[in-house]
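Student: I've got a model open and I keep tripping over the labels people attach to it. Could we go through them one at a time, value against cut-off?

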Amino acid sequence: MREILKDKIFWMLSIALAGIVFVTATNSNYAYQAEVEILFLPKNEAVASSTDQVLGNAEHLATLLSFYDRILSDNGDIEDEAVELSATERKKFWNDVIATEQIEGSGILKIIVVKDSQSQAGMIARQSAETLIGVMSRLYDIRTELDMRIVDGPAIDQVKKISTILWLVMSLFFGMLAGLIINTAIEFGVKRLSAKKAERRLD
């Protein structure tokens with residue numbers, strides 16, 4: 001192992017491979033994050049006194065598989081990338097796509113969607129908000145208990161999936177690992193070739 005670490009070819013190969021991995025990874029390391037904000041307006045004292053619980057219910061509903069299926073049903077333009085997965089895997093997929101956040105000190109719930117496609121991110125975020133309002137409207141009377149309105153979004157930004165530093169460390173690791181494997185394979189091939197030549201000479 002020490003001899004390999006002193007080998008210039010090993011280091012040149014490892015650095016070259018790490019560079020290829022890093023460039024490829026960083027080029028595909030971006031996704032789109034879309035955010036939509038919903039304002040929950042209590043219409044009586046009972047609902048107003050339990051606003052946190054109302055928003056908590058909304059947050060939980062948004063993570064359910066049935067909610068994801070409802071979104072797909074409400075909007076045929078949204079791609080179901082998890083169509084071939086099991087129910088458990090579909091729910092995990094959906095929870096990797098969507099997140100919710102209560103804006104502190106307010107009755108606003110933020111829906112956050114991350115997708116590789118900008119159009120899909122915006123579409124899913126908007127539809128999630130509209131579907132959530134529809135679902136919550138079945139639980140609360142919008143005339144006497146709770147009104148809900150989309151007040152902002154979808155606002156879309158490009159974000160990094162993994163930090164550049166982490167990708168750099170991973171690239172160096174994979175580069176050295178691949179360099180070690182290739183270097184070992186080359187040395188093994190050279191030794192076998194030398195052994196065959198030696199056998200021919202003896203013959």
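Student: Which exposed residues does the face of α6 carry, turned away from its buried side?

Tutor: Thr88, Lys92 and Asp96 sit on that face. Some housekeeping: this is a predicted model, where local features need pLDDT of at least 70, side-chain atom pairs count only at pLDDT 80 or more, and totals for chains, interfaces and linings use all residues. Numbering starts from 1 along each chain as its sequence is written, and side-chain values use heavy atoms, with hydrogens and water left out. As for the labels, buried means under 20% relative accessible area, exposed means over 50%, and partly exposed is in between, with a 1.4 Å probe and protein chains only.

Student: What makes something a helix or a strand here, and how many are there in the protein chain?

Tutor: They're DSSP runs numbered from the N terminus: H or I with at least four residues for a helix, E with at least two for a strand. The protein chain has eight helices and four strands, in the order α-α-β-α-α-α-α-β-β-α-β-α.

Student: Back to α6: how do you know that its buried residues line one face?

Tutor: The buried residues of α6 are Arg90, Trp94 and Val97. Looking down the axis, they fall within an arc of 55 degrees, so they line one face of the helix. The arc is taken from the directions that run from the helix axis to the C-beta atoms. What they pack against is α4, α5, β2 (98-102), β3 (108-115) and α7.

Student: And what puts the buried residues of α5 on the same side?

Tutor: In α5 (residues 65-74), the buried ones are Leu65, Phe67, Tyr68, Ile71 and Leu72. Their arc around the axis is only 160 degrees, which puts them on the same side of α5. Ser66 and Ser73 are exposed on the other side. The cover over the buried residues includes α4 (51-62), α6 (87-97) and α7 (118-139).

Student: Why are α5 and α6 called roughly perpendicular?

Tutor: Their axes come within 9 Å and cross at roughly 75 degrees. Under 35 degrees counts as roughly parallel, over 145 as roughly antiparallel, 65 to 115 as roughly perpendicular, and the rest as oblique. That makes the two helices roughly perpendicular to each other. The contact is made by Leu65, Phe67, Tyr68, Asp69, Ile71 and Leu72 of α5 with Ala87, Arg90, Lys91, Phe93 and Trp94 of α6. The axes are lines fitted to C-alpha atoms, for helices over the stretch in contact, and the angles run from 0 to 180 degrees between N-to-C directions. Contact itself means heavy atoms within 4.5 Å.

Student: How do α5 and α7 come out, and what makes them that way?

Tutor: Here the axes come within 10 Å and cross at roughly 115 degrees. That value also makes α5 roughly perpendicular to α7. The crossing is right-handed: the near helix is turned clockwise from the far one by less than a right angle, whereas anticlockwise would be left-handed.

Student: Now α4 and α7: oblique or roughly perpendicular, and why?

Tutor: Their axes come within 11 Å and cross at roughly 125 degrees, which makes α4 oblique to α7. This crossing is right-handed. Val54, Ala58 and Leu61 in α4 meet Leu132, Val135, Met136 and Leu139 in α7. By class, that is seven nonpolar, no polar and no charged residues. Nonpolar covers Ala, Val, Leu, Ile, Met, Phe, Trp, Tyr, Cys and Pro; charged covers Asp, Glu, Lys and Arg; the others, Gly among them, are polar.

Student: Why does Leu55 count as buried?

Tutor: Leu55, in helix α4, has a relative accessible area of 0%, so it is buried. It touches Phe40, Gln102, Ser106, Gly107, Ile108 and Leu109, leaving aside residues up to four places away in sequence. Leu55 and Ile108 are 53 residues apart in sequence, with their C-alpha atoms 8.1 Å apart.

Student: And what makes Ala31 buried?

Tutor: Ala31 comes in at 2% relative accessibility, so it counts as buried. Ala31 belongs to strand β1 (residues 30-42), and its C-alpha atom is 6.6 Å from that of Val114, 83 residues apart along the chain. Across the whole protein chain, 31% of the 203 residues count as buried.
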